[in-house]
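Please open the model in your viewer, with the sequence panel beside it, and keep the selection tool at hand. The stops below can be followed in order.

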Amino acid sequence: MDIQQSQQKNRNHIDKLDTETIPWLRRYARLGYMARGFVYMIVGILAMMAAAGAGGSKTNTGGAMQSVATVPFGEALLWGLAFSLSGYVLWRIILIINDPEKKGFGIKGIAAKISYLVSGIIYASLSYEAFAIALHAASGSSNEKSLSAKLLQLPFGPWLAGIAGIMIIGYGFYEINNAYSGKYKAEFREWKMNKKEIGIAVKAGKIGLTARAIVLFIIGYFVILTAFTSDPDNTIGMDGALAKISAQPFGQIMLGVVAFGLFLYGVYLILKGRYRKIIFN
């Protein structure tokens, strides 16, 4: 069997497994990725507007939800986002429990499952926040400082905060490696995509993952600073990281570049939702 035949056999096998995944679960997971991408696109657009002096804001994902609430049919959009994001959370749970991607329980496998758990918690919170804003019960404000305060109150709280900061920075390096090694492309069923879609996914993925890594580096640094000072006011989220970027020399230009990268990260996630390998077994 030559290489081309082997590749086609592998593609057919993946398509078969994807088809065998419970249809509603497959669609629900795809919706989750797309909703996540939509939120990042809003964050990127608002930050680009702020960089250009055209309004907008340097906000986080919660702030993006609040912005959605102000547009026509915003409440309906929020209900849709809340429901769709819960699909992403469910898929993260399945990745941890069922291990359909066969990550195993070695060091890399455990690290992957921890990242699934953390992202699942984050997007469960975001899904809840979207529900709450749709019900006019939340402001969409950042709660990173309150979370840090609670963490610092735990036994060995500063140590835990320091470890969390190191993990955030470590994940940033993982994203950089993912972007420039091209590993992120392996998640796509490229044979289902046309050349234009592949080109957009590759470019948006590389630039978007890099921009997100930059934001993670900044957030991680300030979480570590929180650990050293035991002051939760030092903790920042995505909104704080974007503000730090804009405060630098040529900050508005830098903010615009990172914001555009976050927008492209959203585009990448939407394409990922459409063409990702979703395998249950």
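The tour goes from the whole chain to the annotated spans, the nonpolar core, the aromatic rings and the charged pairs.

**Before selecting anything**

This is a predicted model, in which local features need pLDDT of at least 70 and side-chain atom pairs count only at pLDDT 80 or more, while totals for chains, interfaces and linings use all residues. Residues are numbered from 1 along each chain as its sequence is written, and side-chain values use heavy atoms, with hydrogens and water left out.

**The whole chain**

Show the protein as a cartoon, and you will find 10 helices and zero strands, where helices (H or I, at least four residues) and strands (E, at least two) are DSSP runs numbered from the N terminus. Coloured by accessibility, 45% of the 281 residues count as buried; buried here means under 20% relative accessible area, exposed means over 50%, and partly exposed is in between, with a 1.4 Å probe and protein chains only. Among contacts (heavy atoms within 4.5 Å) between residues at least 6 apart in sequence, 75% join residues at least 24 apart.

**The annotated spans**

Next select residues 37–56, 76–95, 116–136, 156–174, 213–230 and 250–271, which an unreviewed UniProt entry annotates as "transmembrane region"; UniProt positions are given in the numbering used here, feature names are shortened, and such annotations may be inferred rather than shown by experiment. In the model, residues 116–136 are 90% helix and 0% strand, with the end C-alpha atoms 30 Å apart. For residues 250–271 the span is 95% helix and 0% strand, and its end C-alpha atoms lie 32 Å apart.

Stay on helix H10 and pick Val257, which is found there and is exposed, with a relative accessible area of 55%. Its C-alpha atom is separated by 9.0 Å from that of Ala51, although the two residues are 206 residues apart along the chain.

**The nonpolar core**

Now select Met65, Val215, Leu242, Leu262 and Tyr268, which touch the most other members among the 62 residues of the largest nonpolar core, a core being a set of buried Ala, Val, Leu, Ile, Met, Phe, Trp, Tyr and Cys residues joined through side-chain atoms within 4.5 Å. Helices that each supply at least two residues of this core include H3 (61–69), H4 (74–97), H5 (107–134), H8 (195–229) and H9 (238–246). Centre the view on Val215, which, leaving aside its neighbours within four places in sequence, is in contact with Met238, Ala241, Leu242, Val258 and Leu262.

**The aromatic rings**

A search of the whole structure finds 12 aromatic pairs, counted where rings of Phe, Tyr and Trp (its six-membered ring) have centres within 6.5 Å, with planes under 30 degrees apart called stacked, over 60 edge-to-face and the rest tilted. Select Tyr40 and Tyr265, an edge-to-face pair at 4.8 Å centre to centre with 80° between the planes. Tyr40 lies in helix H2 (residues 23–51) and Tyr265 in helix H10 (residues 251–275), so this pair ties together parts that are 225 residues apart in sequence. Tyr40 is buried at 4% relative accessible area, and Tyr265 is buried at 3%. Add Tyr184, Phe188 and Tyr268 to the selection, and ring pairs link these residues with Tyr40 and Tyr265 into a cluster.

**The charged pairs**

How many salt bridges does the count come to? There are four, a salt bridge being a side-chain nitrogen of Lys or Arg within 4 Å of a carboxyl oxygen of Asp or Glu. One of them joins Arg212 to Glu175, with the closest N and O atoms 2.5 Å apart; Arg212 is in helix H8 and Glu175 in helix H7 (residues 157–181), 37 residues apart. Both Arg212 and Glu175 are buried.

Move to Glu187, whose side chain meets that of Lys272 in a salt bridge at 2.7 Å, N to O. Lys272 lies in helix H10 and Glu187 in the loop between H7 and H8, so the pair ties together parts that are 85 residues apart in sequence. Glu187 also forms a salt bridge with Arg276, the closest N and O atoms being 3.7 Å apart, and Arg276 is in the segment after H10, 89 residues from Glu187. Glu187, Lys272 and Arg276 are thus linked in a network of salt bridges. Within this network, Lys272 counts as buried at 10% relative accessibility, Arg276 is buried at 3%, and Glu187 is partly exposed at 26%.
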